[in-house]
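Open the model in your viewer and keep the selection tool at hand. We will go from stop to stop.

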Amino acid sequence: MALHKGPQKHQERVLSVNPFFGEANPVGGMTEAPPTHRLPDAPMPPTTAYQLVHDELMLDGNSRLNLATFVSTWMEPQAGVLMAECRDKNMIDKDEYPRTAELERRCVAMLADLWNAPDPAAAVGCSTTGSSEACMLAGMALKRRWTQHNADRYPGARPNLVMGINVQVCWDKFCNFWEVEARQVPMEGDRYHLDPRAAAELCDENTIGVIGILGSTFDGSYEPIADLCAALDALQERTGLDIPVHVDGASGAMVAPFLDEDLVWDFRLPRVASINTSGHKYGLVYPGVGWALWRDSEALPEELVFRVNYLGGDMPTFALNFSRPGAQVVAQYYNFLRLGREGYRAVQQSTRDVARSLADRIEGLGDFRLLTRGDELPVFAVTTADHVTAYDVFDVSRRMRESGWLVPAYTFPADREDLSVLRVVCRNGFSHDLADLFLDDLTRLLPELRRQPHPLTRDKGAATSFHH
Ligand SMILES: *Cc1c(COP(=O)(O)O)cnc(C)c1O
């Protein structure tokens with residue numbers, strides 16, 4: 001959660017409320033708005049409270065025009081009904097809600113099958129609040145396996161985790177919170193993600209694992225997981241070091257199985273110990289669900305698993321949270337049941353079609369250079385062409401916001417900090433129609449942008465609040 005400060009002087013405004021709202025208050029009528037930074041002294045009628053909160057939220061952006069997020073912004077009404085029916089269910093109450101627990105178990109089994117676990121019955125997994133929690137759990141399992149194997153040297157030796165510099169911020173968090181050294185392979189030239197050879201070279205006897213990303217948050221490209229495993233196989237032959245791989249499939253683990261069946265990236269590779277995905281990204285569920293799976297119980301040290309008996313039963317759990325909403329897990333199961341493989345394939349294919357076609361047409365405008373084309377994740381990154389000097393991607397981001405479009409612009413990490421891009425994340429619900437409207441707005445803007453004397457968005461941070 002954002003780390004917020006307590007009440008600030010300038011925020012303490014005294015506002016009058018719409019007299020209509022006051023009228024609704026049976027006790028004398030309300031003329032002054034309630035305080036917003038301390039609890040009001042007395043209750044107010046629910047209709048008034050609703051209206052006040054509702055009105056304030058009108059200033060949020062429109063989630064369907066949010067091309068910054070990977071997270072689902074549309075589900076079918078039936079899924080919404082199911083979620084409403086389950087909003088009182090706590091996922092941890094497995095003994096009280098055995099059917100919800102069973103749906104979670106089935107989802108894990110379906111994912112083990114989808115990701116080609118050699119023995120699906122041996123695979124273990126759990127739901128999480130999202131990929132961030134799933135990555136923390138996977139990282140903890142890697143670290144604990146390493147400490148078990150290096151008990152004679154730990155705690156003297158400092159564990160490290162190898163990854164591309166393009167990792168999502170959750171891996172920086174993992175390394176920070178769990179005191180693991182992050183060894184990051186920089187970008188180089190036109191390579192915007194991990195290089196397998198460079199990754200293997202960073203490994204030593206204190207490496208707990210290597211992270212491969214399917215696909216990269218920065219540009220939507222798939223990292224070469226099979227090549228990464230091959231490079232680590234070669235390393236093992238040379239040095240005896242046996243280093244496991246975790247695949248961060250936050251987005252791609254729900255895209256590649258349907259659209260890129262020939263791509264070998266999952267448990268078919270013996271070195272892949274664990275995989276995570278965000279159910280709320282291309283798993284097509286509203287925010288609040290992720291998944292972590294381990295190839296077998298050897299990959300997930302038993303000592304990390306907790307059994308609590310005070311809710312009745314003794315279902316084993318692996319999680320950072322205790323309480324957590326059950327509705328998203330139910331919605332994930334609904335989607336699996338509702339769409340099946342064919343349905344997921346059709347949905348993801350149409351999203352990829354929208355991404356590729358929009359990327360091509362943006363390239364056709366002449367002012368832009370594509371870094372990726374939306375043919376891996378349905379996501380593409382684009383920068384301004386070399387001849388464009390009047391404006392930059394931050395100007396485009398800021399001006400597109402005038403039409404309601406939320407498209408982030410940001411600079412790349414080391415060693416390509418010189419590169420600034422716009423990133424467009426296509427999701428189910430961003431249709432060909434909406435993509436046409438997006439292109440119309442961009443096309444209409446270009447003559448004005450080209451007339452600028454120079455790029456105008458001085459405060460780059462203001463163009464977007466996006467970082468990862
Ligand atoms: C989004 C993302 C995460 C974090 O996932 P949440 O579900 O938002 O917690 C981690 N890794 C990658 C590659 C991502 O794209």
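Start with the largest cavity, which has a volume of about 60 Å³ in this predicted model. To see its walls, select Ile362, Phe368, Val382, Val396, Met400, Val407, Leu422, Val424, Phe438 and Leu442. Colour them by class: the lining has 10 nonpolar residues, no polar and no charged. Which elements each supply at least two residues of this lining? They are helix 11, strand 13 and helix 12 (432–450).

Next, show the sheet. Four strands make an open sheet in the order 10-11-13-12, with antiparallel pairing. Strand 10 (368–370) and strand 12 (409–411) are the edges; each has a single partner strand, so one side of each lacks a neighbour in the sheet. On average, neighbouring strands here are turned by 40° against each other, direction ignored.

Zoom in on residues 379–384 and 420–425, which are strand 11 and strand 13. Four bridges join this antiparallel pair. Pick Val382: Leu422 of strand 13 stands opposite. Val382 and Leu422 were both in your cavity selection.

Now add helix 11, residues 393–400. Helix 11 lies across strand 10, strand 11, strand 12 and strand 13. Its angle to strand 13 is about 40°.

One stop is left. The count of cavities of 30 Å³ or more is two, and the second largest has a volume of about 40 Å³. Select Phe70, Ser72, Trp74, Lys281, Tyr282, Leu284, Arg427 and Asn428 to display its lining. By class, this lining has four nonpolar, two polar and two charged residues.

Notes:
Residues are numbered from 1 along each chain as its sequence is written. This is a predicted model: local features need pLDDT of at least 70, side-chain atom pairs count only at pLDDT 80 or more; totals for chains, interfaces and linings use all residues. Side-chain values use heavy atoms; hydrogens and water are left out. Two strands pair if DSSP finds at least two bridges between them. Axes are lines fitted to C-alpha atoms, for helices over the stretch in contact, and angles run from 0 to 180 degrees between N-to-C directions. Contact means heavy atoms within 4.5 Å. On a 1 Å grid over the protein atoms alone, a cavity is a set of points where a 1.4 Å probe fits but cannot get out, and a pocket is an open set with protein on both sides within 12 Å along at least five of seven lines; lining residues have an atom within 4 Å of a point. Grid points are joined across faces, edges and corners, and a volume is the space filled by probe spheres set on the points. Ala, Val, Leu, Ile, Met, Phe, Trp, Tyr, Cys and Pro count as nonpolar, Asp, Glu, Lys and Arg as charged, and the others, Gly among them, as polar.
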